[in-house]
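Here are my notes for you, written as a colleague would pass them across the desk. Keep the structure open while you read, and look up each piece as it comes.

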Amino acid sequence: MKAQWLINGAYIVLGMLLFSAYEHGISWLGMLVYQNDLEGRLIACQLATKHAYRFANIELASPLKEEVEKTSIIDLLTCDDYQTLRNKLLALGVSETRLKIIEADAFRLEPELTAQSGEYLPSKQSW
Amino acid sequence: MLFTSVISLLGLAAYQELITLGGSKRSLVNARLQKIISLFNLTPLPIRRYEADPKFLLGRALFFDPILSGNRDISCATCHLLKHGLSDGLARSIGTHGEGLGLDRHFVTDQQIHPRNSLDLWNRDNDAVRAFFWDGRVEVLDPDKRIFRSPLENALPIGFQNAMAVQSIFPIVTPDEMLGNYGEYSPSSLPEEHRYKLNDLVVSKSFPNETARIQSAHRQILHRLLGLDEAATEWQIQYRKAFQSAYPKKTFKDISIADLGNAIAHFEELAFAATDSAWDKYLAGDTDAITDSVKAGAITFYGKGRCAACHTGALFSDFSYHNIGIYSTINMEGEIVNDYGRWFTTKLAKDRYRFRTPPLRNVMKSSPYFHDGSTSDLESALSRHLNPIEHASEYLPDGSFAMEKDQIESISPVLMPKINLTHEEIGSVISFLKALESRSRELSQIVPHSVPSGLPIVYR
């Protein structure tokens, strides 16, 4: 009887260990598989945001301004992709700290995100 | 056994979670395309009904007949070949005094080459079309009241049905396109009735102004086509009949240059309707009409690539004017000369180096690209949009920076900052552009067996 209790207890402990290993393993695997994708989506989102902001502040004639804004709206959808993947990685147990470290490193991969503002700025001519 | 099963189950669960983590790519792409279709209000081009009515037949004859050219050696069709997407395959067109077609075309005498690339003619009757020519020298000011701006300004005759008809009467009065010059004679290789004929479309060496020159040429064209009085050649009588069939309420003496333009435009509308592209089919609801690569290209085209900022609407052009940093053109002597584009029409400093956005339907066939035909393939053409300043220095043999300061400063801000597209993204945009290709009408529906003048039709 006692032996049976011990066996059951061992199964429970083993199950807990396996579950714990699964939880850690899945977050590790998630990062292994999706880190590059996350970085890519982050950079795409940041560039889209930067460009959308710039175009919103340039004097463009109508209807060019409206058309540029539409392309910005589509481009900014990459931010949804990025946020979706980020949330899923968080749900899988990847820590917020780890994601932030990866994101900080990702900025360095794209020169335009680290360029001084004013570089490549168009003239003030009216369009 | 139990342990193995548990591990297998966990592995399966992990695999399932990881797969779903990235989301279903296909559903994401489709959702994004639906957003694009809704945001840009995209609809398939309506399919035009083909009907060879008398006006179509007249327009077809005029489009293919070299009799409209001063030296009887070139027709409208010469520079608008189906094989080359209704362009001519050349960087810059060879007008009168040329021989051959497409890439084989060459001058038979020393002449000045036309400075610009031949534009295609697809769907130019579409409401979106507001301007013609690279510099927009023919424009629609009010489509309902049929008010147009043209080189004839206030002297433009009334009666034009659309801007396409207005456009069609200008290449025939441009010396380096179809008109030729004063005192020239037609080639000796033509049928007897047409060889060694004086260029009677240019009646003087000089005219008081450009309007007078154009009006004179238009009068002479009608005179040549229809004859002045009751005495007429056999082929002139054929043209009289063709005009009377197309315009039953008019006698041949009432026929105006607007009637001629309207007939050519009517033919072009029906003959050069591009409507059944894979992209149009997708927009009509056939979700399998385009590949994943085309879908990815469409998303880049309408989003990150910013292509749709200017290449917008049903024909993928805003019919507006932009400087995208295409430097200039090179003349026959190999000198680099500036082509100020839109400036030639408006004389406004801000319009220097601006050119009308070319439509993109059937763009795969109409290389080379840009107003000076300086780029032969689509990948290079795309690259020049992505970073116009980088490519400006490629023009001069010594590698120096060729673009003038005022041109650099007036490059469209849509292209600044530079657009970062990966090689894969460029490839997908090209796939998308390929999906804009339409089946054209059959050659037999377009090309006549002969034209009234009896001049040879060279068009294959």
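The points below go through the two chains, then some parts of chain B.

1. Before anything else, keep in mind that this is a predicted model. Please read every value below as something computed from that model.

2. Let's start with chain A. It has 4 helices and 0 strands, so to speak a plain α-α-α-α run when you walk from the N terminus. Of its 127 residues, 21% are buried. Now look at the contacts in chain A with a separation of 6 or more: 81% of them come from residues 24 or more positions apart.

3. Stay with chain A for a moment and find helix α2, residues 64-91. This helix has 28 residues, and from its first C-alpha to its last it reaches 42 Å. At 1.5 Å a residue you'd expect 40 Å, so the value is close to the expected one. After α2(A) comes A:G93, and its phi is positive, near 105°.

4. Chain B has another make-up: 16 helices and 9 strands. Buried residues account for 46% of its 460 residues. If you take the contacts in chain B between residues at least 6 apart in sequence, 67% join residues at least 24 apart.

5. How is chain B divided into domains? The assignment gives domain 1 as 24-48 + 275-434 and domain 2 as 54-274. Notice that domain 1 is written as two stretches of sequence. The centres of the two domains of chain B, taken over C-alpha atoms, are 29 Å apart.

6. Now for where those domains of chain B meet. On one side 30 residues of domain 1 take part, and they are in contact with 29 residues of domain 2. On the domain 1 side, the elements giving two or more residues are α11 (343-346) and β9 (355-356) of chain B. That side of domain 1 is a mixture: 12 nonpolar, 11 polar and 7 charged residues.

7. Next, have a look at a pair of helices in chain B. Helix α12 (residues 378-386) packs with helix α15 (residues 423-434) at an angle of about 120°, and their axes are 10 Å apart. The crossing of α12(B) and α15(B) is right-handed. Which residues meet there? From α12(B) they are B:L378, B:E379 and B:L382, and from α15(B) they are B:I426, B:V429, B:I430 and B:L433. This contact counts 6 nonpolar residues, no polar ones and 1 charged.

8. Let's look at α15(B) by itself. Why does its length agree with what you'd expect of a helix? Its 12 residues should span 16 Å at 1.5 Å a residue, and because the end C-alpha atoms are 17 Å apart, the two agree. Within α15(B), the buried residues are B:S428, B:V429, B:I430, B:F432 and B:L433. Among the things that cover them are α10 (292-302) and α12 of chain B.

9. Last, pick out B:S38, which sits in helix α2 (residues 25-39) of chain B. Is B:S38 buried or exposed? B:S38 is exposed, because it has 9 other C-beta atoms within 10 Å, and the cut-off for exposed is 12 or fewer. Compare its place with that of B:F107: the two are 69 residues apart in sequence and, C-alpha to C-alpha, 50 Å apart in space.

Methods. Residues are numbered from 1 along each chain as its sequence is written. Chains are lettered from A and ligands numbered from 1 in the order in which they are written. This is a predicted model: local features need pLDDT of at least 70, side-chain atom pairs count only at pLDDT 80 or more; totals for chains, interfaces and linings use all residues. Axes are lines fitted to C-alpha atoms, for helices over the stretch in contact, and angles run from 0 to 180 degrees between N-to-C directions. A crossing is left-handed if the near helix is turned anticlockwise from the far one by less than a right angle, and right-handed if clockwise. Two residues are in contact if their C-beta atoms, placed from the backbone, lie within 7 Å. Ala, Val, Leu, Ile, Met, Phe, Trp, Tyr, Cys and Pro count as nonpolar, Asp, Glu, Lys and Arg as charged, and the others, Gly among them, as polar. Domain bounds come from an automatic or database domain assignment. A residue is buried if 20 or more other C-beta atoms lie within 10 Å of its own, exposed if 12 or fewer, and partly exposed in between; C-beta atoms are placed from the backbone. The expected span of a helix is 1.5 Å times one less than its number of residues.
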